[in-house]
Amino acid sequence: MATFDLTSKDTTGIFSDSIVAMPSAKNTNVMRNIEAYLDIDALVAAGGSFSDGDIFQVLEIPANTLVINAGAEVMKAFTGSCTLDMDFAAGDDIIDGADVTSTGFCAKGTNGQTNTVVGSAASTYTQFVSTTDTIDVLLAGAAPSTGRIRVYATLIDCNEAGAEATSAARDALA
């Protein structure tokens, strides 16, 4: 079991570092959806090899961010008998034991959180992240040699938007 940081170019097959910052916007405290791909085919082509229980740090989440929802979609089926756990610190609170041998959105699993909002009975995954962290994918079962997953999260940046203005540019013109 090894850990592969897909946010760092030091990992075989990754060609640039990710930036621990939300995309810029006029109002910085808006909701955003971010995504990244775990592409086993590309990593194998670059010389990577993987085994049962490997952990992939996929999405980098900035400090002071509220994660409203997170999930995964299998874009290309994985090697037979692979399952996926997804959470911070390689846990399984977001997705637990999802079958990734066929395409589609991953179900929550036995102790994961639901991936849909359905009225007042919703049990969506939410977590406030106070320090920079990664959402990790753990692949269990057969060693993966093929497959592609899109990992996504809906976030709100809760950092201070900046100091309040004490004077406006128009005041200097008078």
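**View 1. Strand β2 beside its partner β10.** In this predicted model, Arg-32 stands opposite Leu-155 in β10. That pair is a good place to start, since β2 and β10 run antiparallel and are joined by nine bridges. Look next at the two faces of β2: Arg-32, Ile-34, Ala-36 and Leu-38 make up the covered face, while Met-31, Asn-33, Glu-35, Tyr-37 and Asp-39 make up the uncovered one. If the every-other-residue pattern catches your eye, here is the background: in a regular strand, side chains alternate between the two faces of the sheet.

**View 2. The largest nonpolar core, with Leu-38 in focus.** This core holds 34 residues. Leu-38, Phe-56, Ile-61, Leu-84, Met-86, Ile-135 and Ile-149 are the ones with the most contacts inside it. Many elements chip in with at least two residues each, among them β2 (31–39), α1 (40–45), β4 (65–76) and β10 (148–157). Which residues does Leu-38 touch, leaving aside those up to four places away in sequence? They are Leu-6, Leu-43, Phe-56, Val-137, Leu-139, Gly-147, Arg-148 and Ile-149. As a general point, nonpolar side chains in soluble globular proteins tend to be buried together.

**View 3. The hairpin of β5 and β6.** These two strands run antiparallel and are joined by three bridges. Thr-83 has Asp-99 in β6 as its bridge partner. Six residues lie between the strands of the hairpin, where Ala-89 takes a positive phi near 55 degrees.

**View 4. Asp-39 and Arg-148, a salt bridge from β2 to β10.** Here the two side chains meet with an N to O distance of 3.4 Å. The partners are 109 residues apart, Asp-39 in strand β2 and Arg-148 in strand β10. Asp-39 has 22% relative accessibility, so it counts as partly exposed. Arg-148, at 29%, also counts as partly exposed.

**View 5. Lys-76 and Asp-41, a salt bridge from β4 to α1.** The closest N and O atoms of this pair are 2.5 Å apart. Lys-76 sits in strand β4 and Asp-41 in helix α1, 35 residues apart along the chain. Lys-76 counts as partly exposed because its relative accessibility is 38%, and Asp-41 does too, at 24%.

**View 6. Arg-150 and Glu-73, and the network around them.** The side chains of Arg-150 and Glu-73 meet in a salt bridge of 3.0 Å, N to O. Arg-150 lies in strand β10 and Glu-73 in strand β4, so the bridge ties together parts 77 residues apart in sequence. Are these two residues buried or exposed? Both are buried. Glu-35 joins them in a network of salt bridges.

Note on methods
Residues numbered from 1 in each chain as written. Predicted model: local features only at pLDDT ≥ 70, side-chain atom pairs only at ≥ 80, totals over all residues. Heavy atoms only, no water. Core = buried A, V, L, I, M, F, W, Y, C linked by side-chain atoms within 4.5 Å. Buried < 20%, exposed > 50% of the residue type's maximum accessible area, 1.4 Å probe, protein only. Helix = DSSP H or I, 4+ residues; strand = E, 2+ residues; numbered from the N terminus. Contact = heavy atoms within 4.5 Å. Pairing = 2+ DSSP bridges. Salt bridge = Lys/Arg side-chain N within 4 Å of Asp/Glu carboxyl O.
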